Amino acid sequence: MTVSFKRKIVLAAATATLSGWVATAQAATEIQWWHAMGGDLGKRVEEIAAGFNHSQSKYVIKPVYKGNYTETMTAGVAAFRAGKPPHILQVFEVGTASMMAAKGAVYPVYKLMKDEHVPFNENRYISAVTGYYTTTDGKMLSMPFNSSTPVLFWNKDAFAKAGLTRAPKTWEEMGEYSKKLISSGAAQCGFTVGWQSWVMLENFSAWHNLPFATKSDGFGGLDTKLTFNGPLQVKTIQQLADWQKDGVFRYGGRRSDANPLFAQGKCAMLLNSSASYGGLKKSAKFDFGTDQLPYWSDVKGAPQNSIIGGASLWVLKGNAKKDYKGVAEFLNYLSDPFVQMFWHENTGYVPITKAAYQLTKDTGYYNTFKGRDVAIEQMNGKKPTANSKGLRLGNFVQTRDIINEELEAVWSGKKTAKQALDEAVKRGDVLLRKFEKANK
């Protein structure tokens with residue numbers, strides 16, 4: 001089957017009419033998929049579900065938007081406790097440890113596929129993505145879905161005005177280039193950062209092969225302790241605080257609130273999720289590039305590899321046994337290279353399988369859209385280590401809130417980087433002990 005022909009099938013299925021879908025649903029088993037993808041992403045989710053429904057007649061996937069990540073996870077947990085769980089629940093990556101600890105609620109993907117005799121080869125998935133969602137011996141617990149990693153966006157027009165021809169590769173160049181951009185009048189500030197805990201501590205640590213926590217960042221047991229207050233993390237956060245004084249760095253907010261500073265041309269660079277690409281493409285009125293995260297040049301072996309954000313799909317127990325064949329078939333459909341390529345090209349999230357990445361390359365997509373492969377190249381530049389496989393920490397949603405509070409104390413001048421990171425580690429460890437006690 002040629003690429004163009006199969007692509008047409010996927011797209012045709014994705015645009016199947018709702019009326020036809022409903023007609024099929026009347027004779028098929030309904031599979032509930034609760035998710036947190038609103039707006040354009042929600043439309044893509046609907047298209048993928050329509051594609052699956054169009055491909056066979058036994059099952060109908062019904063996507064249901066349940067709000068943001070936290071709201072969706074809360075709704076899923078409440079539904080399970082009420083005895084009416086959805087078959088599939090989208091959970092963001094920081095909820096992984098909590099889902100693993102939910103004994104009796106989760107149907108591990110590797111076991112589901114084996115029980116339902118659906119072809120499943122865990123080696124086909126990209127290890128940098130699946131590492132988050134597998135056991136220590138490589139068995140996949142949930143299906144990766146929307147995975148991204150932070151990258152560097154840079155304003156090509158502003159760089160040209162400042163006499164710069166490429167993106168900075170190191171943190172030393174981040175400072176040097178930013179000062180040139182400001183002094184030339186090309187931008188008001190050098191760079192800004194979205195999702196500061198994820199980008200500047202979680203991924204920064206992985207990128208420099210430093211532990212964020214003990215026990216292989218939590219993969220080795222519940223008795224883990226946070227370690228992101230090491231000398232290099234403290235040095236970097238303090239450097240950003242110092243740079244803030246002369247405009248090299250500007251804080252934009254806890255989530256993706258920093259994106260407008262870049263899109264409006266105020267800051268010439270942005271460190272944020274690769275999934276920001278689609279939104280920036282619509283809002284920025286200038287040409288911009290995508291490149292890898294900066295690293296400190298004096299750190300031996302750097303850069304290592306970045307880690308992911310996003311979410312995966314967890315299968316919940318509690319539905320009729322006959323339904324799970326349909327769940328397994330749908331997860332297999334999601335892994336199809338053409339479906340993954342469709343999702344990747346239309347959202348900015350990375351493909352989850354090696355075949356989908358290769359297929360996207362073979363179609364010439366990356367030649368047309370330069371830089372769209374930076375995220376996946378950055379995740380796969382080196383084989384993940386114990387410090388760069390991902391994080392598996394209990395109560396991590398709350399820990400991120402603590403980190404945000406402490407970092408904001410640095411940006412406001414109330415604390416030094418050392419004081420803030422020490423306090424964040426101390427407060428986060430209290431949450432880890434609570435999680436350990438509750439899940440022993």
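User: Which residues of helix α3 are buried?
Analyst: This is a predicted model in which local features need pLDDT of at least 70 and side-chain atom pairs count only at pLDDT 80 or more, whereas totals for chains, interfaces and linings use all residues. Residues are numbered from 1 along each chain as its sequence is written, and side-chain values use heavy atoms, leaving out hydrogens and water. Relative accessible area, with a 1.4 Å probe and protein chains only, is under 20% for buried residues, over 50% for exposed ones and in between for partly exposed ones. With helices (H or I, at least four residues) and strands (E, at least two) taken as DSSP runs numbered from the N terminus, the buried residues of α3 are G42, V45, E47, I48, A49, A50, G51, F52 and N53.

User: How far apart are the end C-alpha atoms of helix α3?
Analyst: The expected span of a helix is 1.5 Å times one less than its number of residues. For the 17 residues of α3 (residues 39-55) this gives 24 Å. The model agrees with that expectation, since the end C-alpha atoms are separated by 25 Å.

User: What kind of aromatic pair do F52 and F330 form, stacked or edge-to-face?
Analyst: Rings of Phe, Tyr and Trp (its six-membered ring) pair if their centres lie within 6.5 Å; planes under 30 degrees apart count as stacked, over 60 as edge-to-face and the rest as tilted. The structure holds 30 such pairs. For F52 and F330, the centres are 5.2 Å apart and the planes make 75°, so the pair is edge-to-face.

User: How many residues apart in sequence are the parts tied together by F52 and F330?
Analyst: Both F52 and F330 are buried. Because F52 belongs to helix α3 and F330 to helix α15 (residues 323-334), their pair ties together parts whose separation in sequence is 278 residues.

User: Which secondary-structure elements does the pair of F145 and W343 tie together?
Analyst: The F145 and W343 rings are stacked, at 4.5 Å centre to centre and 20° between the planes. F145 is buried at a relative accessible area of 1%, and W343 is buried at 1%. The pair bridges 198 residues of sequence, because its members lie in strand β4 (residues 143-148) and helix α16 (residues 337-347).

User: Which residues form one aromatic cluster with W33?
Analyst: W33 is found in strand β1 (residues 29-35) and is buried, at 0% relative accessibility. Contact means heavy atoms within 4.5 Å, and W33 touches residues including V45, I61, F145 and F330, not counting residues up to four places away in sequence. The cluster joins W33 with F52, F145, F330, Y333, W343 and Y349.

User: Which lysine lies over the face of W296?
Analyst: A charge sits over a ring if NZ of Lys or CZ of Arg is within 6 Å of the ring centre and within 35 degrees of the ring normal. One such case is the charged end of K66, which is 4.2 Å from the centre of the W34 ring. Over the W296 ring, at 4.1 Å from its centre, lies K235.

User: What area is buried between domain 1 and domain 2?
Analyst: The domain bounds, from an automatic or database domain assignment, are 29-148 + 308-368 for domain 1 and 150-306 + 394-438 for domain 2. Their centres, taken over C-alpha atoms, are 28 Å apart, and 17 residues of domain 1 are in contact with eleven of domain 2. Buried area is the accessible area (1.4 Å probe) that two parts lose on being put together, summed over both. Carbon and sulfur atoms give 55% of the area buried here, which is about 1,100 Å².

User: Which elements do the buried residues of α9 pack against?
Analyst: Helix α9 (residues 171-183) has 13 residues and should span 18 Å, in agreement with the 19 Å between its end C-alpha atoms. Its buried residues are W171, E173, M174, G175, Y177, S178 and L181. They pack against β5 (150-155), α8 (156-161), β6 (189-193), α10 (196-207), α12 (231-244) and β8 (267-273).

User: What is the phi of W195?
Analyst: Most residues other than glycine have a negative phi. W195 lies in the loop between β6 and α10 and is partly exposed, at 27% relative accessibility. Although W195 is not a glycine, its phi is positive, at about 45°.

User: Which two residues are joined by a cis peptide bond with omega of about 0°?
Analyst: Most peptide bonds are trans. The cis bond involves P303, found in the loop between β9 (288-291) and β10 (309-315). With omega of about 0°, the residues joined are A302 and P303.
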